[in-house]
Structures are given as C-alpha cells and as structure tokens.
Amino acid sequence: MTTASLQSGSALVGRFQALPRSLRWLVAAAAGFAAYFLVVEPAVDYVTRTNIESDSMALRLQRLDAEREARAGAEQTIATGIARFGNVEFPGDPEVRSVEFNRQISEIIAKHNLKEDATTRTATLGAGPLAGVIGSDKRIERIVKELQITATPEQVIQLLADLERLPIVTTVSKVQIRKPTENERQGRKVKADISVETWVVARKGKVR
C-alpha cells in the first residue's frame, strides 16, 4: 500500500471521527445496510438457490434410481417369463393368425400322439394397455381354442409346456383336469379341458 493511500485513508478516518455522533451512527448504519444488501443478501440467496437445486437434483436421482430398479425388476420378470414360457408374438392379422394358430396347435397335439377334440370361438378383449398401441379404429380379439384331451398326467404336463412355449400362443387361459368316467377310463389317463388363446388385431365394425 502506498504512502498516498495511507494518507487518504487517514484523512477519511479523521473526517468520520469529526462528524457528530448521531451522524456517525447514521453513516455506520448506512454502511451496514449497504454491506448486507450488496454482500450478505446475495450470498444468502446464492446458498438458498444452491440448496434448492441440490435437493431437486437429489430427488431426480432418487426417482431415476427407483425407475432403474423398477426396470431391472421388470426385465428380470420378462427374462424369467421368456425362459419359462417362451416369447409371445404381438397380435396379428385375424385371417393369417387364425390359420397358423390352428396348424401349430394341431402339430403339437400330434407330436404327443394325442387325439384332437377342439372347438374354436372368438371374443373381444376388454380395455387395456394395448388399446393405446393399436389405434382407436381397431380392437383386440381373442381366438380361443377349447381342447378336450384324454391322456396321462405326464402327457398333459408336457403338452401344456409345449403350448406355452409357442410364440403364437398368447396365453393358456384355462386348465381343468378331472378323472374320466368308468366307461372312459383307460389306465392312468385323465381328461383335461384346456383353453389356448391367440390375439389378433381387427378393425372395429368388421364382421368376422
């Protein structure tokens, strides 16, 4: 610091001390207010904004972490389902899907050396997430094949496993097993009623 600066500072101090006491208090108060509004308040605002931004970032990170865990759980569920039941095809064209569905079901039944006794019906699927995917001018229909099978318990289990692994099979919606009557009984065989479904996309108002 130069000699001129020291002299200037001493002169200011002297002038301040020469002021009346009330005026000195007024100057000191003004300096205090100036220091508060120019330094303290901006610093407080900065700290407050920083804390708010930090809290907001922490909440976003928590949400992202929760979403990541949810996705990981969903992916694990999907992977387990695929490993257990196989892939499932998206609902397809009614005409093509119906023919292919019946063909594949017949092949699976023949593979297990069983007799096919079946009826087929169509039902409209209720409202659900798929409605937002296919568009408002279409609807999801269920093609349901009702199978009546007479086989051993082991054959029924193997048949169900193969049906569930078919990508064209959307769901096996019903399985009922009962003992055959005395006239139907052959060895250890049971009677199984199995409902197998595939879903298709049909235009609303179209009569099939």
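Asp162 and Arg165 both sit in helix α5 (residues 153-165). They are three residues apart, about one turn of the helix. Their side chains form a salt bridge, 3.6 Å from N to O. Asp162 is buried, with a relative accessible area of 15%. Arg165 is partly exposed, at 46%. The model is predicted. The whole structure holds ten salt bridges.

**Overall layout**

- The protein chain has five helices and four strands.
- From the N terminus, the order of elements is α-α-α-β-α-β-α-β-β.
- The protein chain has 208 residues, and 24% of them count as buried.
- Its accessible surface is about 14400 Å². Carbon and sulfur atoms account for 59% of that surface.
- Take the contacts in the protein chain with a separation of 6 or more: 74% of them are between residues 24 or more positions apart.

**Strand β4 and its partners**

- Strand β4 covers residues 190-203. Of its 14 residues, 13 are buried, so the strand is largely enclosed by the rest of the structure.
- Strand β2 (residues 138-151) is joined to β4 by 14 bridges. These two strands run antiparallel.
- Within that topic, Arg142 has Trp199 of β4 as its bridge partner.
- Strand β3 (residues 171-178) also pairs with β4. That pairing is antiparallel and spans seven bridges.
- Val172 stands opposite Val196 in β4.

**A salt bridge between β3 and β4**

- Asp193 forms a salt bridge with Arg178. The closest N and O atoms are 2.6 Å apart.
- This pair links distant parts of the chain. Asp193 belongs to strand β4 and Arg178 to strand β3, 15 residues apart.
- Asp193 counts as buried, because its relative accessibility is 15% and the buried class covers values under 20%.
- Arg178 is partly exposed, with a relative accessible area of 40%.
- Another group of salt bridges shares partners and joins Glu100, Arg103 and Glu107 into one network.

**Arg97 and strand β4**

- Arg97 lies in helix α3 (residues 94-111).
- Arg97 counts as buried, at 8% relative accessibility.
- The Arg97 side chain makes a polar contact with the side chain of Thr198, at 3.1 Å.
- A polar atom of the Arg97 side chain also lies 3.3 Å from the backbone oxygen of Trp199.
- Leaving aside neighbours within four places in sequence, Arg97 is in contact with Glu89, Phe90, Pro91 and Gly92, among others.
- The same list for Arg97 includes Ile168, Thr198, Trp199 and Val200.
- Trp199 therefore appears in two settings: it is the bridge partner of Arg142, and its backbone oxygen lies 3.3 Å from a polar atom of the Arg97 side chain.

**A salt bridge from loop to strand**

- The side chains of Glu116 and Lys145 meet in a salt bridge, 3.6 Å from N to O.
- This pair also links distant parts of the chain, 29 residues apart. Glu116 is in the loop between α3 and β1 (118-124), and Lys145 is in strand β2.
- Glu116 counts as partly exposed, at 32% relative accessibility.
- Lys145 is buried, with a relative accessible area of 5%.

**A nonpolar patch on the surface**

- Met57, Leu61 and Leu64 make a nonpolar surface patch of about 310 Å².
- Leu61 lies in helix α2 (residues 21-85).
- Leu61 is exposed, because its relative accessible area is 51% and the exposed class covers values over 50%.

Notes:
Residues numbered from 1 in each chain as written. Predicted model: local features only at pLDDT ≥ 70, side-chain atom pairs only at ≥ 80, totals over all residues. Heavy atoms only, no water. Patch = residues over 30% accessible without salt bridge, like charges linked within 9 Å, V, L, I, M, F, W, Y side chains within 5 Å. Areas by Shrake-Rupley, 256 points an atom, 1.4 Å probe, with all protein chains shown as cover. Salt bridge = Lys/Arg side-chain N within 4 Å of Asp/Glu carboxyl O. Buried < 20%, exposed > 50% of the residue type's maximum accessible area, 1.4 Å probe, protein only. Pairing = 2+ DSSP bridges. Polar contact = N/O pair within 3.5 Å; in protein donor to acceptor, adjacent residues only side chain to side chain. Contact = heavy atoms within 4.5 Å.
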